Amino acid sequence: MSLDWLPRDNEIKNHALFKGEHYWGSWDDAPCVVYEKRPLTDPDGNVVPELYVSWIILNNPAQYNSYTTDMVKGVIAAFWNASTDRSVVAVVFTGAGTAAFCTGGNTVEYSEYYSRRPTEYAEYMDLFNGMVDAILNCKKPVICRVNGMRVAGGQEIGMAADLAVSVDTAVYGQAGPRHGSAAVGGATDFLPSFLSIEDSMWSGFMCELWSAYKMKSKNLISKVVPVLKKDGEFIRNPLVITEAYLKDGEIVYGDMKSGAEAKAGRELMATCEYDFAMLDAEVNKITWTLANLFENCVQMSIDSMRMKKRFFWDQSKVLMRQWLGQNMMLDAFLGFHAFSTRKITGKDTIDFIKYRQLVAEGRRMDMDVLAEVMPKPKDA
């Protein structure tokens with residue numbers, strides 16, 4: 001028996017909380033977030049009508065796609081809009097340019113505005129937490145397209161995504177303890193889900209940058225592809241040892257070259273062009289696969305696995321907001337100012353040994369004492 005006689009409301013509902021356009025910009029508006037709906041394409045490159053992939057692009061290449069306060073708002077708005085758009089199959093989260101996906105929060109903004117304003121920075125951290133939540137709450141699969149460095153807060157928001165494909169020129173890691181912060185914006189919650197505890201410790205606070213090949217071997221990311229072209233042919237990153245070898249009694253893969261080898265690698269890179277065709281082919285392969293699966297079943301699977309990430313993130317994010325705010329009074333004040341003035345001083349960190357000596361003496365941390373550990377201008 002037909003049920004056509006039952007009353008129906010055929011008006012399509014809009015479930016978005018707000019329009020996101022106010023928070024986005026264009027390519028010429030950097031620093032900003034660019035939001036694009038690109039047509040879904042099949043493996044032959046044919047456009048599929050009325051289905052799209054949302055691209056959320058951190059557009060601040062001059063500062064390695066570090067996110068400003070307004071950009072954080074843009075990321076939140078973009079993920080909310082993609083999440084509630086029926087025509088969107090998946091989200092691609094990436095950065096502009098060839099150097100970086102994201103290197104975290106904008107240190108110029110941190111040093112010039114947020115340092116020594118703990119309550120203001122705690123308010124900012126509410127926005128940052130909202131950005132991570134927006135990624136973890138998105139009702140579409142999220143692919144992190146790693147086009148370059150994924151470091152510090154960039155590593156944290158990248159790990160909030162569901163899948164990651166990377167160029168082999170990317171490096172990964174945390175930098176907070178060198179510059180006055182801690183990896184408590186998600187890394188301490190997410191890293192143990194990807195890596196062993198020992199590797200999580202090294203990646204979380206030793207401030208080493210690991211290559212994309214090393215991270216792939218440790219299962220942090222799904223795919224690594226070349227991006228450099230020399231004489232029309234793709235070549236692997238010449239700064240990375242891409243063969244397994246024996247070092248200190250263990251097999252090592254993906255270490256960064258040093259000394260003369262690194263210098264030769266940099267010289268070779270200067271003669272290459274960047275071509276993201278292989279990276280985008282991997283992204284398109286994923287989005288096409290997702291388009292040919294049951295949407296609700298995929299999302300249920302994703303949300304069930306995200307729950308493991310969210311468990312520790314939800315437990316700690318409010319507490320970390322408070323600590324990070326108070327940390328702006330001392331360590332972050334010193335660290336971010338040292339980093340943001342590196343062009344003037346030639347150094348990007350404080351004198352750590354002198355700082356530890358002052359602490360050991362029990363010195364009161366007034367401005368005159370703090371000046372003793374800050375790097376000096378080159379002409380001073």
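User: Why does arginine 363 count as partly exposed?

Analyst: Its relative accessibility is 34%. Buried means under 20% relative accessible area, exposed means over 50%, and partly exposed is what lies in between (1.4 Å probe, protein chains only), so arginine 363 gets the middle label. Before we go on: this is a predicted model, where local features need pLDDT of at least 70 and side-chain atom pairs count only at pLDDT 80 or more, while totals for chains, interfaces and linings use all residues. Residues are numbered from 1 along each chain as its sequence is written, and side-chain values use heavy atoms, with hydrogens and water left out.

User: What makes arginine 363 and glutamate 361 a salt bridge?

Analyst: The rule asks for a side-chain nitrogen of Lys or Arg within 4 Å of a carboxyl oxygen of Asp or Glu. Here the closest N and O atoms are 3.3 Å apart, so the pair qualifies. Glutamate 361 has 51% relative accessibility and therefore counts as exposed.

User: How do you know that aspartate 70 forms a salt bridge with lysine 73?

Analyst: Their closest N and O atoms are 4.0 Å apart, so the pair meets that cut-off. Both residues lie in helix α1, three residues apart, about one turn of the helix. Helices (H or I, at least four residues) and strands (E, at least two) are DSSP runs, numbered from the N terminus. Aspartate 70 is exposed at 53%, whereas lysine 73 is partly exposed at 31%.

User: Why is arginine 145 called buried?

Analyst: Because its relative accessible area is 8%, under the buried limit. Arginine 145 forms a salt bridge with aspartate 280, with 2.7 Å between the closest N and O atoms. That pair links distant parts of the chain: arginine 145 is in strand β5 (residues 142-146) and aspartate 280 in helix α10 (residues 277-291), 135 residues apart. Aspartate 280 counts as partly exposed, at 25%.

User: What makes asparagine 60 buried, and what is in contact with it?

Analyst: Its relative accessibility is 3%, so the buried label fits. Asparagine 60 is found in the loop between β2 (47-59) and α1 (69-83). Contact means heavy atoms within 4.5 Å; leaving aside neighbours within four places in sequence, Pro31, Asn65, Ser66, Met71 and Asn106 are in contact with asparagine 60.

User: How do you know that β1 pairs with β2?

Analyst: Two strands pair if DSSP finds at least two bridges between them. Strand β1 (residues 32-41) is joined to β2 by nine bridges, so the pair passes. The two run antiparallel and form a hairpin with five residues between them. In the turn, glycine 45 has a positive phi of about 90°. On its parallel side, β2 is joined to β3 by seven bridges, with isoleucine 56 opposite phenylalanine 93.

User: Why is helix α12 described as mostly covered?

Analyst: Seven of its ten residues (331-340) are buried, including Phe333, Leu334 and Phe336. What covers them includes α2 (107-114) and α11 (295-327).

User: What makes Ile197, Met201, Trp202, Phe205 and Met206 a patch?

Analyst: Patches take residues with over 30% relative accessible area and no salt bridge: like charges are joined within 9 Å, nonpolar side chains (Val, Leu, Ile, Met, Phe, Trp, Tyr) within 5 Å. Met206, for one, is partly exposed at 39%, so it clears the area limit. These five residues make a nonpolar surface patch of about 500 Å², with areas from the Shrake-Rupley method and a 1.4 Å probe; for residues, only the protein chains shown count as cover.
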